[in-house]
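I opened the model to look up a few helices and a loop. My notes follow the structure.

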Amino acid sequence: MSTSPKAGLEALLTPEESVLVLIDHQPYQFANLHSHEPMMVTNNVVGLAKAAKGYGVPTILTTVVEERGGLLIQPLQDVFPDQKPINRTLINTWEDQVVVDAVKATGRRKLIIAGLWTEICVAMPAIQAAGEGFHVYAVTDASGGVSAEAHDMAVRRMTQAGVVPITWLAVMSEWQRDWARTDRVTPEDQMAVLEHTGATGIATVWEQQLLNTPVAETATA
């Protein structure tokens with residue numbers, strides 16, 4: 001079973017220890033997504049992917065039977081344009097040795113998972129990986145199920161197995177840890193991620209606009 005600490009500083013995520021797996025964000029799965037608004041899940045998973053890229057967290061993309069279920073959604077593929085998703089036939093991603101080998105090749109033990117649907121494509125690999133000693137985190141708002149009940153029951157089941165539920169902004173915040181730090185992510189990457197943070201992002205972009213606009217221009221605008 002996972003020996004992940006439940007409290008203390010070691011329970012928090014760092015970019016150096018993390019590996020991200022994004023599972024089956026495809027048209028077929030979105031078509032029966034009813035636990036969340038599909039646009040919100042799209043926004044959140046793309047924001048998570050951009051954060052991972054900015055912080056240098058290895059990210060593995062995977063799809064299931066993409067010939068029938070469709071390719072990875074374009075906004076997510078656009079974050080990693082040169083990466084070909086691992087296309088599976090196995091429902092449980094953690095039974096696909098190509099994916100498992102890719103995760104293990106990173107040497108990271110804090111495994112962050114998001115996918116569609118929560119009750120199947122997230123819960124199965126999360127529970128199995130936790131049983132094999134990985135410290136597993138399920139990003140609940142970058143995932144979704146066929147119903148609110150299905151998503152909720154999956155989160156409860158994963159929690160019982162030692163998986164840590166977390167939201168995408170919490171993941172990013174733990175990776176950053178201190179806003180005074182400039183060694184982890186570039187300002188350009190920060191701004192790209194902030195596009196996905198709703199009112200907070202809008203306010204921050206506006207603030208940057210004001211800071212970068214000469215007073216004379218502001219007065220005559």
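These entries cover two helices and one histidine in a loop.

Entry one. I noted that the model is predicted. I began with helix α5, residues 97-106, and listed its buried residues: Val99, Val100 and Val103. I then checked how they are placed around the axis. They span an arc of only 95 degrees, so they lie on the same side of α5. On the other side of α5 I found Val98 and Ala105 exposed.

Entry two. What do the buried residues of α5 pack against? I found β1 (18-23), β2 (59-64), β3 (86-88) and β4 (110-115).

Entry three. I looked at the ends of α5. Asp96 caps the N-terminal end, with a side-chain oxygen 3.0 Å from the backbone nitrogen of Val98. Just after α5 comes Gly107, and I read a positive phi of about 75 degrees for it.

Entry four. I moved to His196, which sits in the loop between α9 (187-194) and α10 (199-212). Is His196 buried or exposed? Its relative accessibility is 13%, and buried means under 20%, so His196 counts as buried. Leaving out residues up to four places away in sequence, I listed what His196 touches: Asn43, Val46, Gly47, Lys50 and Trp168. With Lys50 there is also a polar contact of 3.0 Å between the side chains.

Entry five. Trp168 led me to helix α8, residues 168-176, where Trp168 is one of the buried residues. The others are Val171, Met172, Glu174, Trp175 and Gln176. Arg177 follows α8 and has a positive phi, near 70 degrees.

Methods
Residues are numbered from 1 along each chain as its sequence is written. This is a predicted model: local features need pLDDT of at least 70, side-chain atom pairs count only at pLDDT 80 or more; totals for chains, interfaces and linings use all residues. Side-chain values use heavy atoms; hydrogens and water are left out. Buried means under 20% relative accessible area, exposed over 50%, partly exposed in between (1.4 Å probe, protein chains only). Helices (H or I, at least four residues) and strands (E, at least two) are DSSP runs, numbered from the N terminus. A polar contact is a pair of N or O atoms within 3.5 Å; within protein, one must be able to donate a hydrogen and the other to accept it, and residues adjacent in sequence count only if both atoms are side-chain atoms. Contact means heavy atoms within 4.5 Å. The arc is that of the directions from the helix axis to the C-beta atoms.
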